[in-house]
Each structure stands twice: as C-alpha cells, then as structure tokens.
Amino acid sequence: MYDKINESTPDTLDSKVASVFPGRFVKKDLVRRVKAGAYIPVFVLEYLLSRYCSSTEKEIIEEGLGHVNEIIAERFVRPEESTKAQSRVKELGKHTIIDKIRVRLTPSEDKYWAELLNFSHRYVHIHDYFIKVYERLLQGGLWAQIELSYAYDEEQRSAKRSPFHVQSLKPIQIATFKMSEYCKGRGEFTSDDWLDLLIRSIGIEPTLFDKRKKLLFISRLIPFVETNFNLVELGPRGTGKSFVFQEISPYSILLTGPTTVANLFYNMRTQEIGLVGTWDVVAFDEVADLEKMPKEVITTLKTYCESGMFARGRETHQGRTSLALFGNTNQPVDVLVRTSHLFAPMPSLVRSDMAFLDRLHFYLPGWEMPKMENRFLTSHYGLVVDYLAEAFKELRKQNFTEVLDRFFRLGTHLNTRDVKAVRKTVSGLIKLLNPSGKVNREDLECYLELALEGRRRVKEQLKKIGAFEYYKTSFSYIEEESENEKFVAVTEIGGTHLISSDPFPAGSVYAASVGTDGKVAFYRLEVVTSPGSGKIKISGAIDSTLRQSVQTAWSYLSSRKEEMGLSEVFNSMDFHFQGIDLLSNREGCEASIAVFTAIYSAALKKPILPGLIILGDMTVQGNVKACRSLLEPLQLAMENGAKRVLLPTENRRHFLEVPADTMEKVDPIFYADPQTAAAKALGLH
C-alpha cells in the first residue's frame, strides 16, 4: 500500500497552478511517498502521477496513487527481481515493463542489441526502426514503457543470444507540448509567484529561502534552456548540486565517472556522434574525475566550450549541448579566498588551464546553497517535471541574448568572452522566468547583476592565477536612460564602497600595497591617543610586514618630532594602533606612509580628506619607496568608493598602465616625502 496523503493546507499558489495548468501539475510530496522499492527518476514517477493524481481533490489523489502503485508493482522491474521478470515474459509470451533501455551496435554481427538496466539482460532483440526514431537509445539510453515478447527458435539458439524481443517502446514523456500554452500560463502569475512555482516544481519549498537563494536554485537550470552554456558549481557536499541533472529531465545525462573523447564527442571507429550531439545537457557529477580522463578530453572540451565545435579526424562537428561541472570543496570559502582561489578544488589538469577556465560562463557559489534537509522539500503543488522538461527543450530554440540592450549596456572591463557569458546567462534567466521574452526593467536588472556576479567570480580567480592578463574585473553596467554606472561585486570578496565619502575620524586612514606575487593588501588603519609618555602600542595581531611599517613610521616620527613641532604632544600621549585586513587575505601591507599619516592625524586631532586611500612606503630616514604597481591598488580603490589616491611622485610614470576609466574616477595626489604626504592627506597643502 502507500502512505497517507500529506495534509498540508493548499495555498493561493496551489489553487492558481491547478486552475492555470490543469493536468500539468502534481503534489510534489507524492513522489517521496510512492513506495517503488527501488530507484526511479523523479520524471518517471511524475509522468505516472500526472496521469492519475493531477487533482486538488484528496479522494482522487488517493485513488490515483493506488493506480500508480499498482502500475509500479506490475511493470517496474526491481534489480533483485530480474530473473522473476524474465520468467514472467516467458510464461505470458508478452509483457510490458518500465525500465531504462539503451542500445549498442555489434559490428561483427551487423546488429543492434538492447540492454535493459533492471531487467538485467544485455542481449534483447530490437528493430532498427526504434534506433532511427529514438537516437538517445545509443547514448546513455532512456526510460520507457517497453513491451517485450518471448520467442526462442533454433536459429536464434545457434546465434547464442536471446529469446527476448522489443515489440513496442514508449518513452516516458508527454505526447504534445505547446509553447503558446506555457507562455500564456506564465502570464497569469506575478514574477515572484512564477519563481516560487519553478522552485516547487523541482521539489523545493521556496517560502524557506530569500530571493537570492531562489535565483541560485533557478540558475542551476540555465543549461537546460540555453544552448552551449558552461556552468560550474563548487561547494560543500549534500547541497543537491547534481539532483536536477539526474532527476528532472529525460534530456540530460549525469556522468559519474571518467569518460573518453569517443564517448563524449565522436567515435571514429563506429562513426557515431557522442553525448554532446545527443543530450541537451551533459553534467559531470564530480569534476575531480577529469583528472582520470585522457588529456585529449580537456583539449577537446576547451575548443567545444568556446565555439560548440570539435574536430575528430578530418571532420569538424558541431553540438548544442550545455555542460555543467560540479565539485566538492573541503575548506570554508573564506579560507579558499585567503589562501588560494576558488578553482583550487578542481583537478590540477583543469585548474592550471586558464584558457579552459576562461570559457566558463557562470560560477555558481555552491557554498551559499543549503544542505538538503527534509524540511526543505515541498508538499505543495508544482508543474510536472516532464512537462517542464519539454518547455525547457523548446526554449533552447529561443534567443534572448539582446534583451538586456533595451535598458542597459555593459561596462568597459568586460571583454568579448565576458560579454558573451553575461548575455547567455541573462538569456537563460529570461527563458526560465519570462519565457515569452517580455521582461520589465526591474527584473532584467536583477538577472543582469546575477549574471555579472557569476562571470566576475570566474575572472577574479583567473586574476589570482594569472595576475596582469585578467586584471579587468571591475564589472559594471550602465543604465541607458540615466547614464548611471553600477558596479557588481562578488559576495565572498566583500562589498563595494568600503571607503566612505564621509569624513573619517581623526587617526583613521585606508592603505593598500601590492606584494611581489601581484596580490593586493587592503587595510583600514586606526590610531587613537590616551594620556601617556610617548609610546606606541599595537592592539590585536598584525602580520610582520605591517608591524615593520609601524616600527618604521614610529622611528621616523621620533626622529623628526621636534622639527615638526610635535614634541610636547608626543611626550604626553600614548598612541594605540590597530590594522584591519579588509580583504581577509592575510597579505602583508607595506604602509609606513599611511601609518605615519594616521599617527599625525591622531596627534593633531584632524581627520584626513574623505574618500582617500594612501599608497607608498618609506625607510626610517624618510626616503619614499614607490609602489610596485598602480594597476591593482587603483582598481581596488575605484571599486571600493575611493575618490582620491595619495601616491609617490615616482609612480607618475606608471600611469600608462592604468585604464582611463579608472583614472576618471580616482584623482591622484602626488607626494615626494612623508611630511608632504601627511600634510596633503589632511588638506593642509
């Protein structure tokens, strides 16, 4: 028998989906309650449930659930009962089963053989007709209702094989789909309600999550609707990364182990197209498996991810398949950000290939996704996933990449690949959430910001790995109507506009420096005074580089306090210093000029100019040391709201390195010695 129906009270969204999509919805907890006794994909169960349980009436659902259980008991083959199922076909002569079927060609016999997964038989006769109609039989197979017959004559015995024959085959999917009906139905829902309906349709309860989480769930579906889309998601285990690619669509395949170029792209021996020519989506359940594959797989993937083309032998082929790469992180994201980069969990073969990584369109932050718990699973109504799968397949034919041009244009830091990635992501989100292509400005801006974030996350890691080549990561968009430019941050690095345009308290400054490896340190330095005898005290733990900067600045001040007229102040006060690492990347900051300025500001009780960041270092004698590079710290300054930058005169010659758009937003103030630097920072010059 079956469990009792969950008594959750239908809400307004349940009522609406039932009225707008009659016969196309199902109560989502029924899937979990059907006691199939073995693994069946969700789209298979929902196909059956939609035929008998697509109702809001408890009695009809209960009766229909009984029919579904009877069909599963009668037709679904459990692996441990394969011999019993084979015997039943023999005794009855004909019998229909539900199973996964795939087909292979045996050239030596010039014959196709079908293999039934749970029926546990690799040699089932199948007519060539079925292979011509259902090409996916040759690439991974499909779930279907299969009518088998038993006929075992002497000729077949001599051929050693099998008495089982496929008489008919009905893939488990809806018979007809009308995009106009689907789009019309979408028009009956608000944007928020449609988003919630899609979340419920994949089995998740949306009321437990904020809008950002919902959009991240939906972003996993972009490869289903956008052709040649390359998605990567790395995060903790148990967040359901691969669930939708295995469960909700008959048009996707989840690879759970190593594969070959022949299987993935084209088999030159049999002259058969591989997975990328047969499936809408190919997902790699564990990206670490790429390490075990021939290097040729990565090389071919790299070309395919760029253009959708791949060459095998003398022939060049094209595919429209989207790719999804999943992997597990073994460290918290803040540790990865501080110590390495967010592609570190990938195998060395992949993470060292920047050209391959640069072809990824969207990096979904898997660490933000919740670990799946029973309370997150919905008991409300959602669209039947095989209906949704057909909608997704039809939407792959649409192209909404130019829609964002109605209201926005992209900033100058986006190169050709960045623009392509962002446009494809926005197009995918429109297809999922506004399938007619009609989207208002507010929703489009939301999609655009998410797309920019996902692509910038890729570029930020490339910048860490490849430094200068990928320095342009200040992703932005411009509103066509107002010409207002907005910058989009990635959440794990921190928010933008850390540097306030309001006046700072006396003794507070912002400082940045560039290490020998090209990494940027970004600190807020704070100095406060108390009655004392002229000592400096460091509060909290700071790295050795910044500690050395404090000692250098204090030594210089101690030797020049009389010259600067500060002897009385210094002899009657103690100075308390603290350095806050704003990027949390533990990068040492060479900031003695900034420390000197902070102490000077605290001593005079006069704040520095608002929106200022200080670059440069010095020796104990006050000789100014130029910055190694201006490119990275000025970009950081611009992104975080700086309006002015104080920097050594010697760095003037490095301005040719700095993009014009950066210099337009940050005014340079030059200094030749520490005292001039401090005076200019306080607005005394």
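What share of the contacts in the chain with a separation of 6 or more comes from residues 24 or more positions apart? The figure is 74%. Contact here means heavy atoms within 4.5 Å.

Some ground rules. This is a predicted model, where local features need pLDDT of at least 70, side-chain atom pairs count only at pLDDT 80 or more, and totals for chains, interfaces and linings use all residues. Residues are numbered from 1 along each chain as its sequence is written, and side-chain values use heavy atoms, with hydrogens and water left out.

Now the overall picture. The C-alpha trace spans about 110 × 60 × 45 Å along its principal axes. The chain has 26 helices and 28 strands. Both are DSSP runs, numbered from the N terminus: helices are H or I with at least four residues, strands are E with at least two. Of the 685 residues, 56% are buried. Buried means under 20% relative accessible area, exposed means over 50%, and partly exposed lies in between, using a 1.4 Å probe and protein chains only.

Let's start with helix pairs. Two packed helices are described by the angle between their axes and the distance between the axes. The axes are lines fitted to C-alpha atoms, for helices over the stretch in contact, and angles run from 0 to 180 degrees between N-to-C directions.

Take helix 1, residues 12-20, and helix 9, residues 191-201. They pack at about 85 degrees, with axes 11 Å apart. That makes helix 1 roughly perpendicular to helix 9. The cut-offs are these: under 35 degrees is roughly parallel, over 145 roughly antiparallel, 65 to 115 roughly perpendicular, and the rest oblique. Helix 1 brings L13, D14 and V17 to the contact, and helix 9 brings D193, D196, L197 and R200. By class, that contact of helix 1 with helix 9 has 3 nonpolar, no polar and 4 charged residues. Ala, Val, Leu, Ile, Met, Phe, Trp, Tyr, Cys and Pro count as nonpolar, Asp, Glu, Lys and Arg as charged, and the others, Gly among them, as polar.

Next, helix 19, residues 416-433, and helix 20, residues 441-466. Their axes come within 9 Å and cross at roughly 140 degrees. Helix 19 and helix 20 are therefore oblique to each other. The crossing is right-handed; that is, the near helix is turned clockwise from the far one by less than a right angle, and anticlockwise would be left-handed. On the helix 19 side, the contact includes A421, V422 and L429. On the helix 20 side, L444, Y447 and R455 are among them. The contact of helix 19 with helix 20 has 12 nonpolar, 1 polar and 4 charged residues.

On to strands. Strands of a sheet pair through backbone hydrogen bonds, either parallel or antiparallel. Here, two strands pair if DSSP finds at least two bridges between them.

One open sheet has 3 strands in the order 17-18-19, with antiparallel pairing. Strand 17 (408-410) and strand 19 (485-487) are the edges; each has a single partner strand, so one side of each is left without a neighbour in the sheet. On average, neighbouring strands of this sheet are turned by 30 degrees against each other, direction ignored. Strand 17 is joined to strand 18, residues 476-479, by 3 bridges. In that pairing, F408 has E479 as its bridge partner.

Now look at strand 20, residues 508-514. Is it mostly covered or mostly open? Mostly covered: 7 of its 7 residues are buried. S508, Y510, A512 and V514 point one way, V509, A511 and S513 the other way. Strand 20 pairs with strand 21, residues 520-531, in the antiparallel sense over 7 bridges. One bridge links V514 to V520. The two strands form a hairpin with 5 residues between them, and G518 in the turn has a positive phi of about 85 degrees.

Last, three loop residues. D110 sits between strand 2 (94-106) and strand 3 (111-116). Its phi is near 55 degrees, positive in a residue other than glycine. D110 is exposed, at 69% relative accessible area. K605 lies between helix 23 (592-604) and strand 24 (612-614). Phi of K605 is also positive, near 55 degrees. K605 is exposed, at 55%. R220 lies between helix 10 (211-219) and helix 11 (222-225). R220 is buried, with a relative accessible area of 4%. Leaving aside neighbours within four places in sequence, R220 has contacts including E233, F245 and M369.
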